[in-house]
Amino acid sequence: ESEEKLKELNIAKDKFFSIIAHDLRNPFHGLVGLSEVLMEDYDQMDTERVRRFHKLIYESSRQGYQLVLNLLEWTRVQTGRFQMKLEKISIARVISDSTNVLVNQANMKRITLRAQVNSGLFAYSDFQMTATVLRNLLSNAIKFSPEGSEVLVRATIVKGEVLIEVEDHGTGIEPNVLSQLFNIGVSHSSTGTAGETGTGLGLILAKEFVERNHGRIWAESQVGKGSVFSFTLPLYKL
């Protein structure tokens with residue numbers, strides 16, 4: 001068992017350094033390059049081109065910020081510095097807070113974020129961990145959805161557990177990729193419908209957080225039709 005644990009830690013370490021060495025560099029490379037062009041050629045650029053550059057700079061900034069957040073949270077978990085606080089949490093509030101953070105990302109692609117949740121639904125879990133999971137799943141759904149579409153978050157009670165689902169009508173996932181989505185040892189960086197890049201770290205972090213809260217996470221998808229990412233949490237009982 002200790003040998004298997006050591007192997008997992010080495011894989012996690014390799015993944016961490018790979019992301020720092022390669023993936024973290026990409027958004028900042030874009031920021032520097034785009035900002036440099038704006039600084040040097042601004043007076044000669046028409047309004048539409050300036051607007052397009054601003055959009056690209058925003059997207060690079062958002063990608064870099066999201067990746068740094070995930071890296072920091074993942075590092076805190078791996079080093080044992082993440083203090084869990086299991087408590088009664090409102091699922092409606094978690095969904096509201098998570099969608100509010102991503103409104104700008106959705107608006108950039110004219111994507112509607114919609115929620116179906118009972119205001120009286122409560123789980124027994126860590127609020128910040130749950131919000132991180134949902135934020136990552138929503139961000140991915142937006143990334144792989146076409147402009148003008150909808151991303152739906154549903155929360156219900158199924159077999160005595162809270163079930164949260166994030167559904168999109170985007171590009172979908174190939175079966176061979178789907179089966180390895182939550183495997184830290186497999187690299188699967190994909191490009192979104194507007195050229196967005198990613199590392200897969202968000203899903204690895206989501207799996208880690210869900211399991212620490214005594215839940216399960218999985219995905220169903222059809223290529224060209226979209227995906228549903230689902231996870232469970234313990235239901236809060238009086």
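**Close-up 1. The largest cavity of the predicted model has a volume of about 30 Å³.** In this model, which is predicted rather than determined by experiment, the structure holds one cavity of 30 Å³ or more. The residues that line the largest cavity are M129, T130, V133, F209, V210, N213, F231 and L233. Two or more residues of this lining are given by each of helix 6, helix 8 and strand 7, the last of these running over residues 226–234. Helix 6 provides the largest share of the lining, namely three residues. Sorted by class, the lining of the largest cavity has six nonpolar and two polar residues, and no charged ones. In general, empty space left among atoms is shown by rolling a probe the size of a water molecule over them.

**Close-up 2. Helix 6 and helix 8 cross at roughly 145°.** The axes of helix 6, which spans residues 127–143, and helix 8, which spans residues 201–212, come within 9 Å of each other, and the crossing of these two helices is left-handed. On the side of helix 6, the residues in contact are M129, T132, V133, N136, L137 and N140, and they meet G202, L203, L205, A206, F209, V210 and R212 of helix 8. By class, this contact between helix 6 and helix 8 is made up of eight nonpolar residues, four polar residues and one charged residue.

**Close-up 3. R135 is a buried residue of helix 6.** Because its relative accessibility is 12%, and the cut-off for a buried residue is under 20%, R135 counts as buried. When residues up to four places away in sequence are not counted, R135 touches Q66, L69, N70, E73, S98, V101 and L102.

**Close-up 4. K159, in the loop between strand 4 and strand 5, has a positive phi.** The phi of K159 is about 50°, although K159 is not a glycine; for most residues other than glycine, phi is negative. The loop that holds K159 lies between strand 4, residues 150–158, and strand 5, residues 161–167. K159 has a relative accessible area of 84% and is therefore exposed, the cut-off being over 50%.

**Close-up 5. H214, in the loop between helix 8 and strand 6, also has a positive phi.** H214 is not a glycine, yet its phi is about 65°. The loop in which H214 lies runs between helix 8 and strand 6, the strand covering residues 217–222. With a relative accessible area of 58%, H214 is exposed.

How values were computed: Residues numbered from 1 in each chain as written. Predicted model: local features only at pLDDT ≥ 70, side-chain atom pairs only at ≥ 80, totals over all residues. Heavy atoms only, no water. Axes fitted to C-alpha atoms, helices over the stretch in contact; angles between N-to-C directions. Helix = DSSP H or I, 4+ residues; strand = E, 2+ residues; numbered from the N terminus. Left-handed = near helix turned anticlockwise from the far one by under 90°. Contact = heavy atoms within 4.5 Å. Nonpolar A, V, L, I, M, F, W, Y, C, P; charged D, E, K, R; others polar. 1 Å grid on protein atoms, 1.4 Å probe; cavity = no way out; pocket = protein on both sides within 12 Å on 5 of 7 lines; lining within 4 Å. Points joined across faces, edges and corners; volume = space filled by probe spheres on them. Buried < 20%, exposed > 50% of the residue type's maximum accessible area, 1.4 Å probe, protein only.
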